[in-house]
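Me: I would like to learn how to read a few features of a protein model, one at a time. Can we go through them as questions and replies?

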Amino acid sequence: VLTASNAAASFADKNVGVGKAVNVTGINVTGTDAGNYSFNTTAATTVDITQRALTVAATGTNKVYDATTNTAVSLADNRIAGDVLTASNAAASFADKNVGVGKTINVTGINVTGTDAGNYSFNTAATTTANITPATIASVTGITANTKIADGNTAATLNTGAAGFTGMFGGDVLNVAAATGNFDTAAPGVGKPVAITGIALGGVDAGNYVLASNTASTVATIVDAAGQGGAFRPPLASATSLPSAGLTPAPGGFSLADVNALVESFPTAAGPCTDPEVACEASDSAVQVQTLREPADQRPGIVAVSVASELVTAGTGFRFVLPKGLMALAGDAPVEATTLSGKPLPAWLRFDAASGGFTVAGLPARALPQQLRVGLGARSVVLTVSEAPVAAPAMRNAAAKLSPQGGG
């Protein structure tokens with residue numbers, strides 16, 4: 001009766017291998033018949049060490065929307081304590097770029113390196129989840145307000161087509177789904193503040209953004225209805241007829257609804273007069289030329305020319321030019337200007353058909369408002385030249401430089 005045992009058995013090293021030598025030491029034999037035997041106290045054998053399965057798990061990281069599916073994850077594994085391993089991944093991405101909670105992240109290209117990497121097998125892909133939260137639009141810019149004729153209320157018609165979004169990522173699509181505009185007061189004036197409130201985002205990427213503020217501001221003009229010589233006389237019913245092709249104003253004047261729906265502002269071409277017979281100088285804001293409606297074949301266009309009070313009071317002169325877009329409508333056809341009734345222009349007003357420029361010299365008292373007709377080939381435009389109060393210092397300085405000219 002014998003019992004053999006050993007004190008230890010060990011490989012030369014811990015690493016994976018085939019047919020690795022095992023050293024056995026401390027062999028001992030006990031039992032009833034042990035004294036009848038002598039025996040070796042060491043031995044050697046071989047055996048394989050195979051790789052241990054390593055599970056590499058990923059944990060997602062929440063991110064703020066950035067218009068990409070890319071994201072970052074952290075990796076962990078079930079290695080044997082003390083082993084030296086470094087786990088990494090080639091990519092981690094959401095299924096889509098959009099904002100959401102608990103969105104799946106696919107982790108690919110997992111690799112394990114380090115001194116003990118060869119002793120493990122491991123997964124090369126994993127999944128996890130994380131959130132994408134909305135990015136912030138710091139401000140909405142580029143919303144403009146239409147010029148309107150005074151109608152006793154502060155409501156402003158907004159143009160949002162050219163709106164810009166500070167903080168929007170390139171390639172994304174946003175627009176203004178809703179916004180409300182109001183002038184500071186209902187009184188006529190040029191460059192009046194317009195408060196824009198209730199801005200709401202639209203567009204396919206609207207859900208990926210939040211607004212830091214749903215307000216903005218702009219400036220616009222309210223034209224004085226009382227000084228339009230009857231051509232504009234709000235408030236009007238929406239059914240009020242527009243002028244006929246013969247340019248005779250219909251009773252009540254132009255439809256306010258049509259005018260407000262078609263407002264489009266052009267920069268003024270006002271500037272220093274070059275005519276040696278006229279001494280006048282005006283800043284760019286001294287005369288404002290605004291196209292309220294483009295002309296059509298059977299319908300005249302509407303243009304409002306607002307002249308600063310200081311300039312009119314000086315009674316000397318000023319100059320304004322029709323927008324190039326209107327002049328281009330004439331093509332090669334002759335361009336001519338008359339009064340609205342078809343009579344020649346008054347002596348104090350001259351028109352240059354080549355440039356579309358009007359020159360006023362020696363403006364008589366109470367000569368404004370004045371209505372004119374400009375023929376552009378088959379189309380025509382009705383101009384209403386009226387006084388608009390503008391108190392800007394630059395305007396007063398410009399008016400102060402004017403020297404009187406004799407009126408005709």
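Me: Which residue does the side chain of threonine 147 join in a polar contact?

Reply: This is a predicted model, and the contacts are read from its atoms. The side chain of threonine 147 makes a polar contact of 2.5 Å with the side chain of glutamine 290.

Me: Where in the chain are the two partners found?

Reply: Threonine 147 sits in the loop between strand E18 (144-145) and E19. Glutamine 290 belongs to strand E28 (residues 287-293).

Me: Are these two residues buried or exposed?

Reply: Buried means under 20% relative accessible area. Threonine 147 has 3% and therefore counts as buried. Glutamine 290 has a relative accessible area of 5%, so glutamine 290 is buried as well.

Me: How many residues along the chain separate threonine 147 and isoleucine 222?

Reply: They are 75 residues apart along the chain, while their C-alpha atoms are separated by 5.8 Å.

Me: How should I read a sheet, and in what order do the strands that include E19 lie?

Reply: Strands of a sheet pair through backbone hydrogen bonds, either parallel or antiparallel. Here five strands form an open sheet, in the order E19-E26-E24-E23-E20, and the pairing is mixed. Strand E19 (148-149) and strand E20 (155-156) are at the edges; each has a single partner strand, so one side of each lacks a neighbour in the sheet.

Me: How many bridges join E19 to strand E26?

Reply: Two bridges join E19 to strand E26 (residues 216-223), and these strands run parallel. In this pairing isoleucine 149 is opposite valine 223 of E26.

Me: What can I learn from the two faces of a strand such as E15?

Reply: In a regular strand the side chains alternate between the two faces of the sheet. In strand E15 (residues 126-133), the covered face holds Ala126, Thr128, Ala130 and Ile132. The uncovered face of E15 holds Thr127, Thr129, Asn131 and Thr133.

Me: Which strands pair with E15, and in what sense?

Reply: Strand E8 (residues 63-64) is joined to E15 by two bridges, and the two run parallel. Valine 64 is opposite threonine 133 in E15. Strand E12 (residues 100-108) pairs with E15 over six bridges in the antiparallel sense. There, asparagine 106 is opposite threonine 127 of E15.

Me: Next, charged pairs. How many salt bridges does the count come to?

Reply: The count comes to 10 salt bridges, where a side-chain nitrogen of Lys or Arg must be within 4 Å of a carboxyl oxygen of Asp or Glu. One of them joins lysine 63 and aspartate 66, with the closest N and O atoms 2.7 Å apart. Lysine 63 is buried at a relative accessible area of 12%, whereas aspartate 66 is partly exposed at 27%.

Me: What are the N to O distances in the salt bridges of arginine 79 and lysine 148?

Reply: Arginine 79 meets aspartate 77 at 2.8 Å, N to O. Arginine 79 is partly exposed, with 30%, and aspartate 77 is partly exposed, with 24%. Lysine 148 forms a salt bridge with aspartate 151, the closest N and O atoms being 2.9 Å apart. Lysine 148 is buried at 5% relative accessibility, and aspartate 151 is partly exposed at 22%.

Me: Which residues are linked in a network of salt bridges?

Reply: Lys14, Asp83 and Asp116 form such a network.

Me: Which residues line the second largest pocket?

Reply: Rolling a probe the size of a water molecule over the atoms shows where empty space is left. The second largest pocket holds about 150 Å³ of space. Its lining is made up of Lys14, Val16, Ile49, Thr50, Gln51, Arg52, Ile80, Asp83, Asn119 and Tyr120. Among these, Lys14 and Asp83 also belong to the salt-bridge network. By class, the lining of this pocket has four nonpolar, three polar and three charged residues.

Me: How many cavities of 30 Å³ or more are there, and what lines the second largest?

Reply: There are two cavities of 30 Å³ or more. The second largest cavity has about 50 Å³ of space. Residues lining the second largest cavity include Phe318, Phe320, Trp348, Gln370 and Leu372. Strand E30 (317-321) and strand E34 (370-376) each supply at least two residues of that lining. By class, the lining of the second largest cavity has nine nonpolar, one polar and no charged residues.

Definitions and conventions. Residues are numbered from 1 along each chain as its sequence is written. This is a predicted model: local features need pLDDT of at least 70, side-chain atom pairs count only at pLDDT 80 or more; totals for chains, interfaces and linings use all residues. Side-chain values use heavy atoms; hydrogens and water are left out. Helices (H or I, at least four residues) and strands (E, at least two) are DSSP runs, numbered from the N terminus. Buried means under 20% relative accessible area, exposed over 50%, partly exposed in between (1.4 Å probe, protein chains only). On a 1 Å grid over the protein atoms alone, a cavity is a set of points where a 1.4 Å probe fits but cannot get out, and a pocket is an open set with protein on both sides within 12 Å along at least five of seven lines; lining residues have an atom within 4 Å of a point. Grid points are joined across faces, edges and corners, and a volume is the space filled by probe spheres set on the points. Ala, Val, Leu, Ile, Met, Phe, Trp, Tyr, Cys and Pro count as nonpolar, Asp, Glu, Lys and Arg as charged, and the others, Gly among them, as polar. Two strands pair if DSSP finds at least two bridges between them. A polar contact is a pair of N or O atoms within 3.5 Å; within protein, one must be able to donate a hydrogen and the other to accept it, and residues adjacent in sequence count only if both atoms are side-chain atoms.
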